[in-house]
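Here is a walk through one protein fold, written for someone who would rather look at the geometry than read a catalogue. Keep the viewer open while you read.

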Amino acid sequence: MALQQCKELPPGFETIKDVLDGKCSAGRLVDVIGLVTDFRAPVETKGTDWKCQIRLYDQSVEDSVEDSLLLNVFRAESDMPTARCGDVIMIFKAKVQKFQSMYFSLCSNWSTCIYVFEASKIPRPPEDPSNALRPFSKKDASRLTSRTEKAFVSHLYHAINKERVPSVDHFEAMSVRSVNIKNKFRELTDVREHNFVNTVAQLVREPYDLGDKITLWVSDYTENHSFYHFSFSGGKDESGRVGDPYGYLDKYSTNRQKPDWTGPFGKRSMQITCFEPHTTAIREQKISNGSWVDLRNVQIKFGHNASNLEGFLRGEGLAPSQKLNIHHLDPTEDPESISPQLKNAIRRKRDYEKLKKSQLKEISEAAAAGLKRKQGLELDSGKPKKPNSKARRAAARAASHAKRTSSEANTSSLSVAIPDLNTQGDFFILFRCSKISPLTKTVKCEHGGKGTSFVAEMMELVYQDTTINGAPVKLQLPFINANFRTNVRVVDFMPSDLRGFSRPKRKKKAEFQCLSDQSESGTDTETDEEISMQSDAATDWEWRFYLQLEDAVAPHGQQKNRFWVFVDDQAAQCMVDLDAADLTVDQERLALLQQRMFILWGDLEEYKSRLEKRAKAAGQAPEDSDEEHKGGHDGSPFSNRPFSCCIRQYGVKCIEQKACRADAGEGRRWQRMFALFGTKIATS
């Protein structure tokens, strides 16, 4: 049956050029029609659907060899469309998507309808092409084609330039090849010369942009005997200048010093040279040092030195502007759905950092042992060396620390080596109220109606009655989850320099959250020195400091007790009403912090500063804040007023070498801790 001839695009349809140029926004549902140039046969996905890909073009892009539109179809296997070389495909309500912020394509959804007209059966216009329609599923029957749309099918097929349509044999070969998918994923430890591999790795150095190409150094934290060996001393010892990866300019340089290599050390890193269109993707995706990337079809071969394997990422012959083989991965975006390859690489990175930290500790201990042996040899030679002022000060500090530790042990004080916080308890323990000398009104706390507790009462050990083999037994609990309100004053703080009250957060914490065993990774107590050895870049700053608190008044017939409390980021923000920052740089915020802490502890900071200056002048260790003759308010050498605050008791797991004390699992014990919360310094 003859139809009225239609040479214009039917109403509601978009040209492929408009879709590729971004005139149809991502997420919009569009109707398109075009000729099929490539069909990737359906394959199983990780879910319940199957996936096939169809590439098409229309008259708006017929003269551009590189421009075509990709349709990704996700359906049950029985509902998949079938297309052959040169068929006309009509698509209704396909979703526009922009992959990796680079190029536009289409994706099917529940409302998408697809009709395919067999090329060899499409008549010349104005004949009806209905007999050329290939069988379609019930899913596509919800939207029938109009007479105008059918008429345009005949016009498009006979009017368009078909030079871009491949031969039937080539089309069928590509379709068959698409089903025979070879798993090309390799960890870097398994790559060999002449391989083309897919891998997941992390950039361990900033990309070097040469304009037409970019060089990357990547690692997945596995070792390969054909990679370059980076020693702990840093830098490449033969070549590898930044901007000159092959060392061509070394013979012209008067300064042969190489840039320091921050890791990973050993044969764990490979250089990859990227060409267009991947260089544009690296710039637009802002891939930098520390970024995780998914790399595909990387060519592996020996580099210019013929000794070490390198990777090369080149543009592919077919439509190079639309084929990207490098994509940025963010493990913190959706930790539950990241690929197992990325998760394994992150786990290897965590294990490597633990190994690196232990090795650095061994090196440090070995160096200290060597120094000790050297000093012993000097004494054995009959030439005792008189300790210098630095050694005398260190000895004095050690003696003072031992005295202070002994004193704190007698009063049941806590250690100040405090790991990360656990969750807060959910009940209050009520004790008798004590009559207290005037409290400052400039410090407020929550739960003002609750009774107050002395320090000794908060630190009182708790026992649990139970039975073992039928005999009643009292077990000492290592800690309880409990909240208290108390009246105290600040007698010391740590670090002694307020600029150390904030510290950088690390990407590592968020990065490792995707690991199922992450709950075990953060239990170790880390010193500031160990943290500084980590190579992870800081993304933000957090408060982290300690206060030593003393009873505002002595319990009846007893002495005042002291204990250390931890102030975390949330508690500090509540207390001083300031966000953490780099206080070595932000002098204005440091001044505000000093003003607000003065309200809390009076002239304690100035007093500690005087002690340190006096000790430095005398070549001795600084005295404790209560070790000088009394003279200030309440008999103390500095002046501040007591205040009410909220304290919580909790427990953390610590490393324990003695098996008899490991009450929190193998190699772990519980340690009781206290932290401040719900307390605020009034600033107005």
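Which residue follows α10, and what is the sign of its phi? That residue is D577, and its phi is positive, near 60 degrees. Bear in mind that this is a predicted model.

**The overall picture**

The protein has 12 helices and 24 strands. Of its 684 residues, 44% are buried. Among the contacts with a separation of 6 or more, 72% are between residues 24 or more positions apart.

**Two helices with a covered face**

Back to α10, which spans residues 569-576. Its buried residues are D569, A571, A572, M575 and V576. Looking down the axis of α10, these buried residues fall within an arc of 160 degrees, so they line one face of the helix.

Helix α11 covers residues 587-601, 15 residues in all, and its first and last C-alpha atoms are 21 Å apart, close to the 21 Å expected at 1.5 Å a residue. The residues buried in α11 are L590, L593, R596, M597, L600 and W601. Down the axis of α11, the buried residues stay within an arc of 135 degrees, so here too they line one face of the helix. The general rule behind this kind of pattern is that an α-helix has 3.6 residues a turn, so residues three or four places apart point the same way. Just after α11 comes G602, with a positive phi of about 65 degrees.

**Strands and their partners**

Now for the strands. The table lists the pairings discussed here.

| Strand pair | Sense | Bridges |
|---|---|---|
| β7 (residues 196-203) and β11 (residues 292-302) | antiparallel | six bridges |
| β7 and β9 (residues 213-219) | antiparallel | two bridges |
| β17 (residues 482-494) and β22 | antiparallel | seven bridges |
| β22 and β23 (residues 668-677) | antiparallel | 10 bridges |

Strand β7 is mostly covered, with seven of its eight residues buried. If you want landmarks in the viewer, A201 has V293 of β11 as its bridge partner, while L203 stands opposite V218 in β9.

Right by that strand there's a loop residue to look at. G290 sits in the loop between α4 (278-284) and β11. How far apart are G290 and Q202, in sequence and in space? They are 88 residues apart along the chain, yet their C-alpha atoms are 6.0 Å apart. Setting aside neighbours within four places in sequence, G290 is in contact with Q202 and L203. G290 counts as partly exposed because its relative accessibility is 27%, and the partly exposed band lies between 20% and 50%.

Strand β22 (residues 643-655) is another mostly covered one, with 11 of its 13 residues buried. On the β17 side, N483 stands opposite R648 of β22. Towards β23, I655 of β22 has R668 as its bridge partner.

**Nonpolar cores**

In soluble globular proteins, nonpolar side chains tend to be buried together. In this model the largest nonpolar core has 50 residues, and L71, V88, I89 and L106 have the most contacts inside it. Elements giving two or more residues to this core include β1 (29-44), β2 (50-57), β3 (69-75) and β4 (88-99), along with helices α1 (16-20) and α2 (147-159). L71 is a good place to start exploring: not counting residues up to four places away in sequence, L71 touches a list that includes C52, I54, L56, I89, I91, L106, C107 and I114. A second, separate core has 42 residues, V490, L578, A580 and F638 among them.

**Cysteines**

How many disulfides does the structure hold? Zero. For C445, the nearest cysteine sulfur is that of C646, 4.3 Å away. A disulfide needs the two sulfur atoms within 2.5 Å, and C445 is in no disulfide. Is C445 buried or partly exposed? C445 is partly exposed, because its relative accessible area is 21%, and buried means under 20%. C107, by contrast, counts as buried, because its relative accessibility is 14%.

Methods: Residues numbered from 1 in each chain as written. Predicted model: local features only at pLDDT ≥ 70, side-chain atom pairs only at ≥ 80, totals over all residues. Heavy atoms only, no water. Buried < 20%, exposed > 50% of the residue type's maximum accessible area, 1.4 Å probe, protein only. Helix = DSSP H or I, 4+ residues; strand = E, 2+ residues; numbered from the N terminus. Pairing = 2+ DSSP bridges. Expected span 1.5 Å × (residues − 1). Arc of directions from axis to C-beta. Core = buried A, V, L, I, M, F, W, Y, C linked by side-chain atoms within 4.5 Å. Contact = heavy atoms within 4.5 Å.
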